[in-house]
Structures are given as structure tokens and as C-alpha cells.
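Subject: Structure handover and findings

Hello,

The structure is placed below for you to load. My notes on what was found in it follow.

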Amino acid sequence: MLRIAIVEDHESDAKRLTALLEAYAQKNGKRFAIIWIANANTFLDSYQHQYELVFMDIRMPGLNGMEVLRRLRQEGNSIPVLMLTAKGEVEDK
């Protein structure tokens, strides 16, 4: 079972992503354990070593996703992180 964390401050966005991941898992015979974490600091303090894949919002209040990723890499944590953004400009993506 793949353990996935969704670090996203908007519950509705986290629910949509969770539904997509669960539909993919069901269609492809996979099993995912997915948790929503609404705060980047909570993820860093409590959860970062419990997951095998992270979906991380770039823009969150307080600590943003890019800073979380920097900290993970500085600590030697190589967990795969997929960054999420609502930004539409090419240079942002």
C-alpha cells in the first residue's frame, strides 16, 4: 500500500485530489493510504517520515511548499514531492 500525504490548505482541493487518486487506485488494482494535512508545519513536525509520496501546494499561508521542499532536501529526505499550483504563468509552472 502506497502511503500518500496531501499537504494543501484548501480542504475542497484536497478532497478532489483524494477522489482522483482513489478512482485511479480502484481502476488499476492499487491500494493507497491517503491523508490530508492542512498545514505545512504540521507535515514537517509530525508526518514527513510516514509517507512515500507527497502532493504539496506551493502557496499556503505561513510556510509555503517550496520552503518545505527545501527543508526536506536539506535534511536529506528524498521523498518524492509533486508540487501543486493554481498559478497560470509559464514561468511559475
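I start with helix α1, where A14, L17, T18, L21 and A25 are buried. Seen down the axis of α1, these buried residues fall within an arc of 105°, so they line one face of the helix. The face turned away from that buried side carries K15, R16, L20, Q26 and K27, which are exposed. Please keep in mind that this is a predicted model.

The length of α1 was checked as well. With 17 residues at 1.5 Å a residue, α1 should span 24 Å, and its end C-alpha atoms are 24 Å apart, so the two values agree.

One residue of this helix was looked at singly. A25 sits in helix α1, and its relative accessibility is 6%, so it counts as buried, the limit for that class being under 20%. From A25 to L82 the separation is 57 residues in sequence and 17 Å in space, C-alpha to C-alpha.

Next, the pocket. The largest pocket holds about 200 Å³ of space. Its lining is made up of 12 residues, and E8, D13, D57, L84 and T85 are the ones that lie nearest its centre. Which element gives the largest share of this lining? It is helix α1 (residues 11-27), with three residues. By class, the lining divides into five charged residues, five nonpolar and two polar.

On aromatic contacts there is little to report. The structure holds one aromatic pair. Y24 and F32 form this pair, which is stacked, with 6.3 Å centre to centre and 10° between the planes. As for exposure, Y24 has a relative accessibility of 45% and therefore counts as partly exposed. F32 has a relative accessible area of 22%, so F32 is partly exposed too. Partly exposed here covers the range between the buried limit, under 20%, and the exposed limit, over 50%.

The remaining notes concern three residues outside α1.

- G62 lies in the loop between β3 (53-57) and α3 (65-74). Is G62 buried or exposed? Its relative accessible area is 76%, so G62 is exposed. G62 and A40 are 22 residues apart in sequence, and their C-alpha atoms are 8.1 Å apart in space.

- N41 belongs to helix α2 (residues 40-47). At 35% relative accessibility, N41 is classed as partly exposed. Along the chain N41 and G62 are 21 residues apart, while 8.5 Å separates their C-alpha atoms.

- F55 is placed in strand β3. Its relative accessibility is 9%, and F55 therefore counts as buried. The C-alpha atoms of F55 and G65 are separated by 9.6 Å, with their positions 10 residues apart along the chain counted as the sequence separation.

If you open the model with these notes beside it, two places to start are the buried face of α1, with A14, L17, T18, L21 and A25, and the largest pocket, where E8, D13, D57, L84 and T85 lie nearest the centre.

Regards

How values were computed
Residues are numbered from 1 along each chain as its sequence is written. This is a predicted model: local features need pLDDT of at least 70, side-chain atom pairs count only at pLDDT 80 or more; totals for chains, interfaces and linings use all residues. Side-chain values use heavy atoms; hydrogens and water are left out. Rings of Phe, Tyr and Trp (its six-membered ring) pair if their centres lie within 6.5 Å; planes under 30 degrees apart count as stacked, over 60 as edge-to-face and the rest as tilted. Buried means under 20% relative accessible area, exposed over 50%, partly exposed in between (1.4 Å probe, protein chains only). On a 1 Å grid over the protein atoms alone, a cavity is a set of points where a 1.4 Å probe fits but cannot get out, and a pocket is an open set with protein on both sides within 12 Å along at least five of seven lines; lining residues have an atom within 4 Å of a point. Grid points are joined across faces, edges and corners, and a volume is the space filled by probe spheres set on the points. Helices (H or I, at least four residues) and strands (E, at least two) are DSSP runs, numbered from the N terminus. Ala, Val, Leu, Ile, Met, Phe, Trp, Tyr, Cys and Pro count as nonpolar, Asp, Glu, Lys and Arg as charged, and the others, Gly among them, as polar. The expected span of a helix is 1.5 Å times one less than its number of residues. The arc is that of the directions from the helix axis to the C-beta atoms.
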